[in-house]
Amino acid sequence: MTEARGSDDRPGEPARYAPGTPCWVSLMVHGMAATQEFYAALFGWEFRPGPPRLGPGVRAVLDGRDVAGIGQLPPDRHLPVAWTPYFASDDAHRTAEAARRCGGTIGVGPLDAGEAGRLAIGSDPAGAVFGIWQGARHRGTAVPGVPGTPVWNELLTYETATVAKFYETVFGHEEGPAACAGLDHVTLSVEGRAVAGIHGVGRAVRRDRGPHWLTYFEVADTDDALRRLTGLGGHVLAPAEDGDRGRVATVTDPEGARFRLLQRP
């Protein structure tokens, strides 16, 4: 699990993400205050206001650097509460048009987020929601690879062949070797570096969710994080177990947003 980062970055500024790399994650919730309390206690996040043009929301920060976004759902919007990954783009409009041509849909944007950048939110042909981010002043997650930060994204879908071709065409991903032998699994790469995975699980896709992306957040100790999570009102969907990537558990926050905790070897 690596980040495809640019080499032309100025000291003191967040690294530029190569196009096609997951660069940000966001969550839309009903209870902003309770959600902030939960993630502050779980990951040590602090919060500051997000771009006003995107509506009520905050940016989660670690050591003063941006990690993720949390926004307020309108009271009349009854949508699944879920973490959404954003893929870096040099031109959000062009990427959104490519998504439409390849059988995806664009539900939001492309629109300006002030001086931060430009974004769009869409879904792939199987229905999984993803974001497109054309960074300007805000390039994305500014402190990756430490506890409390998103470290990997994996798509759970019906089958990989068609959906993988969509992401390869829209974002320029290369298809890498399967991470799990014997399973319907594809690794997406940028510039030769793995950036995300696609796992075909057939009918095991949850009916209430449909195909969806799962974000992995790094923790120093998965078992300790699980104890804190349950004490804060979260739920464990799959207990911690050791795998190729490290010790991982599937969980939800109190509003039902699914994610994974990962303690890397």
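This report covers the overall build, the nonpolar cores and several single residues of the structure above.

**Overall build**

The model is a predicted one. The protein holds 4 helices and 16 strands. Its C-alpha trace spans about 45 × 45 × 45 Å along the principal axes. For 265 residues, a compact globule would have a radius of gyration near 18 Å, and the 17 Å of this protein agrees with that. Buried residues account for 49% of the 265 residues. Take the contacts between residues at least 6 apart in sequence: 60% of them join residues at least 24 apart.

The exposed surface comes to about 12000 Å². Carbon and sulfur atoms supply 51% of that area. On the charge side, there are 27 positive and 32 negative side chains. The centres of these two sets lie 3 Å apart.

**Nonpolar cores**

The largest nonpolar core has 30 residues. Within this core, Tyr-39, Phe-43, Trp-45, Ile-70, Trp-83, Phe-259 and Leu-261 touch the most other members. Several elements give two or more residues to the core: strand 1 (22–29), helix 1 (32–43), strand 3 (57–62), strand 4 (65–72), helix 4 (222–231), strand 15 (247–252) and strand 16 (258–263). Helix 1 gives the most, with 5 residues. Another core lies apart from this one. That second core has 25 residues, including Ile-132, Phe-166, Phe-171 and Val-195.

Leu-261 shows what one core residue meets. Leaving out residues up to four places away in sequence, Leu-261 touches Phe-43, Phe-217, Val-219, Thr-222, Ala-225, Leu-226, Arg-247, Val-248, Ala-249 and Val-251.

**Two buried polar residues**

Thr-149 sits in the loop between strand 8 (129–135) and strand 9 (150–157). Thr-149 counts as buried because its relative accessible area is 0%. Beyond residues up to four places away in sequence, Thr-149 touches Leu-62, Val-67, Val-143, Pro-144, Tyr-216, Phe-217 and Glu-218.

Ser-189 belongs to strand 11. Its relative accessible area is 9%, so Ser-189 is buried too, the cut-off being under 20%. Setting aside neighbours within four places in sequence, Ser-189 is in contact with His-173, Glu-174, Gly-176, Ala-194 and Val-195. Val-195 is also one of the residues of the 25-residue core.

**Backbone details**

Two residues other than glycine have positive phi values. The table gives their angles and places.

| Residue | Phi | Place |
|---|---|---|
| Asp-63 | about 55 degrees | loop between strand 3 and strand 4 |
| Glu-191 | near 55 degrees | loop between strand 11 (185–190) and strand 12 (193–200) |

Asp-63 counts as exposed, because its relative accessibility is 80% and the cut-off is over 50%. Strand 3 and strand 4, on either side of the Asp-63 loop, each give two or more residues to the largest core. Strand 11, which ends at residue 190 ahead of the Glu-191 loop, is also the strand that holds Ser-189.

One peptide bond also deserves a look. The bond from Gly-109 to Pro-110 is cis, with omega near 5 degrees. Pro-110 lies in strand 6, which covers residues 105–112.

Definitions and conventions: Residues numbered from 1 in each chain as written. Predicted model: local features only at pLDDT ≥ 70, side-chain atom pairs only at ≥ 80, totals over all residues. Heavy atoms only, no water. Buried < 20%, exposed > 50% of the residue type's maximum accessible area, 1.4 Å probe, protein only. Contact = heavy atoms within 4.5 Å. Core = buried A, V, L, I, M, F, W, Y, C linked by side-chain atoms within 4.5 Å. Rg over C-alpha atoms; globule rule 2.2 N^0.38 Å. Areas by Shrake-Rupley, 256 points an atom, 1.4 Å probe, with all protein chains shown as cover. Lys, Arg positive; Asp, Glu negative; His and termini not counted. Charge placed at Lys NZ, Arg CZ, Asp CG, Glu CD.
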